[in-house]
Amino acid sequence: RSDRQEVIEHADAAGDIGYGKIILLGEHSVVYGRHAIAAPIPLHIRAEVKPQPEHTDLMIPRWGVEMRLSEPERSVSSLHASITLIAERLDLADRGMRIDVFPHIPRANGLGASAALAVAVIRAMARCFEVDISEREISNLAFDCEKIAHGTPSGIDNTLATFGRPILFRKENALARAEIRDLSTPAPIPVVIGLSGVATLTMQTVGSVRAAWEKNPARYESIFSQIDALALAGADALKKGDIAELGELMNIDHGLLNALQVSSREIEELVEIARQNGALGAKLTGGGGGGAMIAIAEPERTQPIASAMRSAGYNTFITEIR
Ligand code: MEV
C-alpha cells in the first residue's frame, strides 16, 4: 500500500496535458473488440519541454525519475523507450531537450497515468519544436507508447488521454480503426474513486486474462459478450441520466470482472464499503489486480461513502461524469 498516501490534487488543466480516466464499463473485454465506456477525471499530467544544446533529460521529481535518454545503457525502462519513440516519430531524435513532467494522477492505479504522460510529452515536444501534429496523430502515437508499457492495449486509454471527453469505444480488432462515440448525460453523475493503495500492473492482469482465454476461448468470449451488452446498455442509461440503471450495470460488470479474476482483496473491501454506504453501483476500474475502484451515488451519498473509505485507511476523491 505504498502509494496510498500519494497526494491527489486538482491542478489547473492549462498547458500541454494528458487526461486521466475512469472506465465505467467494459475494461478487459474492450481488448477483445467489445464496447467500453470511459470518462475523463479532473486529474491530468502536464509536461514542459525546453531545448538544450545536447542530451535529452527527463525529470519527473514527484515520481523520483531523473534520466538522461541519450545514455543507451539506461534504455531498459518502458518510460525511456516511450519518450525515445516520441522523439523519433516527431523527427527530433537528434535534438537536445529537457522534459519536465508534473503528474497529478496517481501512478499505477488504472487511472490512465501512462497514456496521459505520453500525450502530455507529445504535445509539449511538438509545441517546443513547432512540429505540426493532429489530435488523432497524438492519440495514435500515444497508442504506440502504450504498446511498450502494456503489450496489447485496446486504445481506450490513449483516446481518453488525448480527447478528454466521455466516450463509447470499440476497436473490433488490431487492424480496425477505433469506433469512438461521444456520450453525454443530462446532469452530472457523482463518482467516488477509491484507491486500493496497491500498484496495478495492467500488463499482468491483461496477460492473465489472455492466458485464461487462450485455454478456453468459448468460455471467456461469452463473458466478454455479456460485458459488451452491459456497456451498450450503459451508454443508453447515461444518455437518459438513469443512474440507478447505470449503477446496476456497474455492479453486474464487477461480478463479471470477478469471473475474470482481476479484482483484489482491497478492491473488494472498497466495493463493499461503497455499497453499504448507499452507492448505486461500485466496481473496479482499469486493469485491476489492485489500483482503483469507482462508485456512483446520489450527490448526498458521496461524502459518507468517501468518509467510510478513508476511515478504513483508503485514499479517495470525489468527481463527476459530465
Ligand atoms: C486499462 O485501462 C483497460 C484495459 O481494458 C486494458 C486496455 O483496454 O488496454 C484493462
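These legends describe close-up views of a predicted model of a protein with a ligand.

Residues are numbered from 1 along each chain as its sequence is written. Local features need pLDDT of at least 70, side-chain atom pairs count only at pLDDT 80 or more, totals for chains, interfaces and linings use all residues, and side-chain values use heavy atoms, with hydrogens and water left out.

**View 1. Confidence in the model.** The mean pLDDT (the predictor's confidence in each residue, from 0 to 100) is 93. Of the residues, 94% reach 70 or more. Over residues 1-10 the pLDDT is below 50. Where pLDDT is low, the predicted coordinates should not be read in detail.

**View 2. Residues around the ligand.** Each has a heavy atom within 4 Å of the ligand. Among them are K21, I23, E27, P153, I156 and G286. Strand β1 (16-25) and helix α4 (156-163) each give two or more residues to this shell. Helices (H or I, at least four residues) and strands (E, at least two) are DSSP runs, numbered from the N terminus.

**View 3. Ligand oxygen atoms and their partners.** One ligand oxygen lies 2.9 Å from a polar backbone atom of H28. The side chain of S154 has an N or O atom 2.5 Å from a ligand oxygen. For the side chain of D157, the distance is 3.0 Å.

Notes. Contact = heavy atoms within 4.5 Å. Polar contact = N/O pair within 3.5 Å; in protein donor to acceptor, adjacent residues only side chain to side chain.
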